[in-house]
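Biologist: Got a minute to go through this one with me? I'd like to hear the reasoning behind the labels.

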Amino acid sequence: MRPGIIWKFVGVVAIVIICALAIWKFPINLGLDLRGGTRMVLEAKDTETIKADDDAVTRAKEVIERRVNQLGVAEPVIYRQGSRRIVVELAGVKDPHRAREIIGRTAQLEFRDERNNVIMSGNDLKTAVAGYDQYSRPAVNFELTSEGARKFEKATLDNIGRRIAIYLDEELLSAPVVQTVIKDKGQITGLGDMDKAKDLSMMLRAGALPVPLDVLHAEVLEPTLGQEAIDQSKVAALIGAALVIIFMLVIYKLPGLVADVALLIYAIIVMAALVSLKAVLTLPGIAGLILSVGMAVDANVIIFERIREELGSGKRIRAAIEAGFTRAFGCILDSNVTTLITAGALYIFGSGAVKGFAVTLGLGIFASMFTAVVVTKLILVAIVDRNPEKYAKRFGA
Amino acid sequence: MDIIGKRRNYLAISAVLVVIGIIALAAKGLNLGVDFTGGSLIRLRFERPVAAGEISNVLTSSALADMNLGKAVIQPIRGTPDVQIRAQVEGKPLGSTQVDRIVDELSYELGAVSIVESQMVEAVIGKELLNKAILAMVLSCVGIVIYVSLRFEFKFGVAAVSALVHDTIIVLGAFALLGRQVNSPFIAAILTIIGYSINDTIVIYDKIRENLKFRKKETIEEIANNSIRQTLRRSINTVLTTLLAVLALYFFGGASIKDFSLAIILGLVVGTYSSICIAPSIWVEWTLWDRERKRRQITTGRANPKGA
């Protein structure tokens, strides 16, 4: 082998090793549809008293961030979209349905007297903890801030023997009769079950939303479903890859084998690019990967057909390989750029899973061009170098 | 093999297919998913196998009568104990308390059940998504015309995009006829088809361009036809490899990816056909027509001196 080829080989092997390390080292960032979780698009609504302006939406986002923190999600994605929308993506949350409940609720807690005057609100609470009342019913025990304590003390003093009603988002929870003056501690009952008490305490700790949020879009997926999708995709990917590999071997023989090796390297590079860019892998994304295997093969097929033509026109094998690659490159470039245009359009306009598809498709295009033009050529040249005339026949010329 | 010689036949076949597609779209319409129409979709997992009829009975029972769920679509998911319910209440997606009521009632009547997936979409969002999807398609078509016009010529670009529109209409029409669901991954599938079909078209164009360069006495038709012949092996082999990969996806990839794979399978077949038979034919027709027009202008003496 010529020294130039050896060095190129070393380069390719180094790239493959680095990529393999990256795959081994970085976790794959699975999307909502593969890991389970929830994605919500919320829109702030005006109320009679408060306008959903920029400030209100910003504060609402902060409240949501606090609530999500309470849920303990590893990598929540929360961002604003346009002037009034907030997008929340929680991949991998254990109980996505509950997460949806907790995030979307306004959680406006109000204490009112019998004439319906608001005594104090959830903002006056210092802490809130789920527990049980004296009849061991689920309850939320709260402590008040100093200002809240002042309000409550006065209200309980004024209302002894009368009822104070506790409303959550205009829904009556309970209306206990005031027995004595209460200063800084209290209890909310009428919550149903313990989960509800826990959720309420969590929402109270994180604070109420300054304006109510409309849920425009909510997707919730249990993790089990995501796992099923992964398992099925793995099977599909393996079978698909095996079929492609066999097909190439049968149709193109030795060059087919070379293409298969290139394909394997291609897969490693794409996966490495995916994990190191922290791109999100979604179900359509996996489909995009499987599909791009077909496209990666395409570049090889174009090159082989070219070499075959060059051989047919009387060139010797080395010259034919050289010319084949040079002349195939324009064609491969043009066809890939156009695919890249559609991937770009998808990336700009797609959301969630579709964006993931665009990313894998785009990465696939770059990786397939690299493997076809660099790796395939290198291997072919190396093989042919050993015995040029013998291998010329293998191209079917 | 003489594809260009029979180009009128292929163009006629395609015209018929496109017309059928348009009629199917107009008459039957697409079965749009909740992400486009708005509404809610709940996927439930039952402990024991449950028939759609049993669920329908519960949904329309007196306990849930106030929600008017008579129009809810109940669909068992093949190969799983899961059932999908698609419903709206007064044109709005179900709220979470309404979903809870439905699940409580179902589990009371039919045994343990859990929600494994739910989606609720306000109609506004669906409309936005649809607009974005259309925009994405238009944008990629425009991008392709520009790129192909720069690298080849304008006629190639327009002929290529005509073929793409042809592919898209036929696949959409097929989905309308089959009543398969169209959701946002479907848009990804359509755009993939566009990307793939243009791939094939360009490989053939590349050959035509090359053959034009070394042209001796061949006519435009002969050049186009030879180019198709010379790239045919590649076109077929490539589509077969990709088809193998997507077929694996269709049969083993699970229910949620089935419609997506079907769209791509259809698109691959139609796209390859249009790349081989339609895009070059349109280009040939146009080039010949253009030449004829110019010749007539010269012979009648009305030639525009700047136009030649």
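Biologist: How many residues does each chain put into the contact?

Modeller: Chain B gives 54 residues and chain A gives 56 residues. Mind you, the model is predicted. A residue gets on that list because its C-beta atom, placed from the backbone, lies within 7 Å of one across the contact.

Biologist: Which elements of chain B supply at least two residues each to the side that touches chain A?

Modeller: Strand 5 (113-121), plus helix 5 (123-151), helix 7 (184-213), helix 8 (220-252) and helix 9 (258-299) of chain B. By class, that side of chain B has 30 nonpolar, 17 polar and seven charged residues.

Biologist: What makes strand 12 of chain A and strand 5 of chain B a pair?

Modeller: Pairing takes at least two bridges. Strand 12 (residues 213-221) of chain A has five bridges to strand 5 of chain B, running antiparallel, so they count as paired. One of the partnerships is Leu221(A) with Glu117(B).

Biologist: And why are strand 2 and strand 12 of chain A called paired?

Modeller: Because eight bridges join strand 2 (residues 37-44) to strand 12 there, and the cut-off is at least two. Those two strands are antiparallel, and Leu42(A) has Val215(A) as its bridge partner.

Biologist: Why is the whole sheet called open?

Modeller: The order is 3(A)-4(A)-2(A)-12(A)-5(B)-2(B)-4(B)-3(B), eight strands with antiparallel pairing. Strand 3 (77-81) of chain A and strand 3 (73-76) of chain B are at the edges with a single partner strand each, so one side of each has no neighbour in the sheet. On average, neighbouring strands are turned by 20° against each other, direction ignored.

Terms used
Residues are numbered from 1 along each chain as its sequence is written. Chains are lettered from A and ligands numbered from 1 in the order in which they are written. This is a predicted model: local features need pLDDT of at least 70, side-chain atom pairs count only at pLDDT 80 or more; totals for chains, interfaces and linings use all residues. Two residues are in contact if their C-beta atoms, placed from the backbone, lie within 7 Å. Helices (H or I, at least four residues) and strands (E, at least two) are DSSP runs, numbered from the N terminus. Ala, Val, Leu, Ile, Met, Phe, Trp, Tyr, Cys and Pro count as nonpolar, Asp, Glu, Lys and Arg as charged, and the others, Gly among them, as polar. Axes are lines fitted to C-alpha atoms, for helices over the stretch in contact, and angles run from 0 to 180 degrees between N-to-C directions.
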